[in-house]
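Dear colleague,

I am handing over the structure below, and would ask you to keep it open while you read the notes that follow it.

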Amino acid sequence: AAVPELVVWHQTGARMRDEVESGYLAAGLTQETVRVSAFIDDMSAPYRWCDLVVCRAGATSLAELAVVGCPCVLVPFPYAADNHQEHNARALVDAGGARMIHERDLTASGLAELVAGLLSAPATLEQMRAGMRSEGRPHAGESICAELRGLGEG
């Protein structure tokens with residue numbers, strides 16, 4: 001599945017950065033269409049930039065993605081305690097904001113087909129954005145503080 005206009009921004013960590021970039025270049029992508037970062041200091045930049053995220057299913061990342069309404073393809077880390085990443089992912093899949101691929105089922109061709117299909121379906125991506133936003137809690141910090149203040153007053 002080809003997506004001619006595909007541009008990738010991949011955060012990978014310092015240890016794997018050069019290897020990941022080399023892999024993209026070996027696969028025929030160019031430095032004009034792939035940006036590999038060891039770390040991204042300001043996550044608001046890629047969230048504004050992207051149409052679709054492919055990532056693990058850690059709670060903090062998913063909370064951020066839900067608040068900004070970014071559709072996702074989630075690959076839960078299978079060795080997470082109590083399989084919590086799959087549970088995190090399932091909530092967003094059930095809300096219509098994400099698709100999930102178990103790592104055991106992950107193939108390059110399957111991922112490419114899914115990503116190409118989603119990126120070529122603007123109406124689906126818009127529905128997924130709405131599904132993600134429905135799960136976002138942009139004022140969670142304020143709510144927690146209010147609850148804690150209430151406990152102190154009681």
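**Ser 37, the sheet and a loop**

A polar contact of 3.0 Å joins the side chains of Ser 37 and Trp 9; please bear in mind throughout that this is a predicted model. Ser 37 belongs to strand S2, which covers residues 34–37, and with a relative accessible area of 13% Ser 37 is buried, because that value falls under the 20% cut-off. If neighbours within four places in sequence are left aside, the residues in contact with Ser 37 are Trp 9, His 10, Gln 11, Thr 12, Gly 13 and Arg 17, so that Trp 9 appears in this list as well as in the polar contact.

The next topic is the sheet. Three strands form an open sheet in the order S3-S4-S5, and their pairing is parallel. Strand S3 (53–55) and strand S5 (98–100) stand at the edges, and since each has a single partner strand, one side of each is left without a neighbour in the sheet. Neighbouring strands of this sheet are turned against each other by 20° on average, direction ignored. As for the pairing of strand S4 (residues 72–74) with S5, it is parallel and extends over three bridges, and Cys 72 is found opposite Ala 98 in S5.

Which helices lie across strands of this sheet? Helix H5, made of residues 108–119, lies across S3, S4 and S5 and runs at about 160° to S4, while helix H6, made of residues 122–135, lies across S4 and S5 and runs at about 95° to S5.

Finally, there are two residues whose backbone angles you may wish to look at. In general, most residues other than glycine have a negative phi. Asp 82, although not a glycine, has a positive phi of about 55°, and Asn 83, which is not a glycine either, has a positive phi of about 55°. Asp 82 lies in the loop between S4 and helix H4 (84–94), and Asn 83 lies in the loop between S4 and H4.

Is Asp 82 buried or exposed? At 75% relative accessibility Asp 82 counts as exposed, because the value is over 50%, whereas Asn 83, at 29% relative accessibility, counts as partly exposed, since 29% lies between the cut-offs of 20% and 50%.

With kind regards

Methods. Residues are numbered from 1 along each chain as its sequence is written. This is a predicted model: local features need pLDDT of at least 70, side-chain atom pairs count only at pLDDT 80 or more; totals for chains, interfaces and linings use all residues. Side-chain values use heavy atoms; hydrogens and water are left out. Helices (H or I, at least four residues) and strands (E, at least two) are DSSP runs, numbered from the N terminus. Buried means under 20% relative accessible area, exposed over 50%, partly exposed in between (1.4 Å probe, protein chains only). A polar contact is a pair of N or O atoms within 3.5 Å; within protein, one must be able to donate a hydrogen and the other to accept it, and residues adjacent in sequence count only if both atoms are side-chain atoms. Contact means heavy atoms within 4.5 Å. Two strands pair if DSSP finds at least two bridges between them. Axes are lines fitted to C-alpha atoms, for helices over the stretch in contact, and angles run from 0 to 180 degrees between N-to-C directions.
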